[in-house]
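Reader: I'm new to this one and would like a close look at a single part of it. Could you pick a spot, stay with it for a while, and then show me what surrounds it?

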Amino acid sequence: MYDYYLGGKDNYEIDREAAEHIIGQSPNILDSARANREFLLRAVRTVVASGIRQIIDLGTGVPTSPNTHEVAREIAPETRVVYIDNDPIVAAHADARLTSTPGTDFALADARRPADILAHPAVRDRIDFAEPVALLLVAVLHFVSDEEDPAGIITTLTEPMVPGSHLVISHGTLDFHGPEEVAAEVYRKSTAALRLRGHAEIVPFFDGFTMLEPGLVRVPLWRPDGPPPDAGALAPVGVYGGVGRKTS
Ligand SMILES: C[S@@+](CC[C@H](N)C(=O)[O-])C[C@H]1O[C@@H](n2cnc3c(N)ncnc32)[C@H](O)[C@@H]1O
């Protein structure tokens, strides 16, 4: 569905039907998806420019262009990327589009089992926890319920990371739109139930990290490449994004 929102071709009839249903109820989803992806690319450039050379991209999504490793390697060709997703369809596309490049790998694993992620051979082989790491959790935590403990997942995943590591999060929110504008019911029947969170619920996910400027903001406002977006461009976007740096 996300691939379809981004204008990709790696989607199936059933995805397109569900996506069209959501677009019908919530046309904002297209702007949110694109703005979210652009945030991911700016955040990756930022962390690599600051010296990060290894990235765990958890909740990868179906490969799109450019992918995390392509953007990172424009700045530092030696950057290693481990992609992780729990969707076998993503795994099927990963072989051709993500892991054909040396220094990249894919793990079919679930964010809700963080210890398994740390123990996965792809992570153990590619990631040197003696060096700083960037963990991307971009547009994935809103598929994790409160009972599944997203804060605990983040703590487990970032605990072995040394100071200087970075945490990149984006997260869907209802702070700007009514629930009727978000087709949560369609997600319940497809990807996973959506748990959209407010600003005050997302900020604590960065505990132990110092937020880079401008903090947790709607994704188009996070270090835009050009002039700041105007109110019209911002209005449809219901996604927060931020980047934190581990300090101790
Ligand atoms: C909206 S896409 C985001 C893709 C990419 N991170 C981006 O922002 O452009 C969400 C992805 O998270 C994956 N996902 C959802 N729940 C997950 C979980 N519990 N563990 C791992 N991946 C998950 C989905 O399969 C999907 O590929």
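**Thr-173 and its surroundings**

Author: Leaving out the neighbours within four places in sequence, Thr-173 is in contact with Leu-196, Arg-197, Gly-198, Gly-238, Val-239 and Tyr-240. Keep in mind that this is a predicted model. Thr-173 sits in the loop that runs between strand 5 (166-172) and helix 9 (184-189). Is it buried or exposed? Thr-173 is buried, because its relative accessible area is 3%, and the cut-off for buried is under 20%. Its side chain has polar company too: it reaches the backbone nitrogen of Asp-175 at 3.1 Å, and the backbone oxygen of Arg-197 at 2.8 Å.

For contrast, hop over to Lys-9, in the loop between helix 1 (2-5) and helix 2 (13-25). Lys-9 counts as exposed because its relative accessibility is 76%, and exposed means over 50%. Glu-20 is 11 residues from Lys-9 along the chain, and 15 Å separates their C-alpha atoms.

Back to strand 5, just before Thr-173's loop. Seven of its seven residues are buried, so strand 5 is largely enclosed by the rest of the structure. Both faces are covered: one side has His-166, Val-168, Ser-170 and Gly-172, while the other has Leu-167, Ile-169 and His-171. So who are the strand's partners? One is strand 8 (residues 239-246), which runs antiparallel to strand 5 and is joined to it by seven bridges. Within that pairing, Gly-242 of strand 8 stands opposite Ile-169. Another is strand 4, paired with strand 5 in the parallel sense over five bridges, with Leu-136 standing opposite Val-168. Put helix 8 (residues 150-158) together with strands 4 and 5 and you get a right-handed β-α-β unit.

Strand 4 also leads us on to strand 1, since these two pair in the parallel sense over three bridges. Here Ile-56 has Leu-135 of strand 4 as its bridge partner. Strand 1 is largely enclosed by the rest of the structure too, because five of its five residues are buried. Gln-54, Ile-56 and Leu-58 point one way from the strand, and Ile-55 and Asp-57 point the other way. Strand 1 also pairs with strand 2, in the parallel sense and over five bridges, and Asp-57 has Tyr-83 of strand 2 as its bridge partner. The chain gets from strand 1 to strand 2 through helix 4, in a right-handed β-α-β crossover.

Helix 4 (residues 68-75) has its own buried residues: Thr-68, His-69, Val-71, Ala-72 and Arg-73. Among the elements covering them are helix 3 (28-49), helix 5 (88-97), strand 1 (54-58) and strand 4 (134-138).

Now for the empty spaces. How many cavities of 30 Å³ or more does a search of the whole structure find? One, and the largest cavity holds about 40 Å³ of space. Asp-57 and Tyr-83, the bridge partners from before, are both in its lining, along with others including Arg-37, Asn-67 and Thr-68.

There are pockets as well, and the second largest has a volume of about 200 Å³. Helix 3 gives the most to its lining, with four residues. The residues lining this pocket include Asp-31, Ala-35, Glu-38 and Arg-42, and also Pro-220, Pro-236 and Val-237.

Notes
Residues are numbered from 1 along each chain as its sequence is written. This is a predicted model: local features need pLDDT of at least 70, side-chain atom pairs count only at pLDDT 80 or more; totals for chains, interfaces and linings use all residues. Side-chain values use heavy atoms; hydrogens and water are left out. Buried means under 20% relative accessible area, exposed over 50%, partly exposed in between (1.4 Å probe, protein chains only). A polar contact is a pair of N or O atoms within 3.5 Å; within protein, one must be able to donate a hydrogen and the other to accept it, and residues adjacent in sequence count only if both atoms are side-chain atoms. Contact means heavy atoms within 4.5 Å. Two strands pair if DSSP finds at least two bridges between them. A crossover is right-handed if, with the strands pointing away from the viewer, the path from the first strand over the helix to the second runs clockwise. On a 1 Å grid over the protein atoms alone, a cavity is a set of points where a 1.4 Å probe fits but cannot get out, and a pocket is an open set with protein on both sides within 12 Å along at least five of seven lines; lining residues have an atom within 4 Å of a point. Grid points are joined across faces, edges and corners, and a volume is the space filled by probe spheres set on the points.
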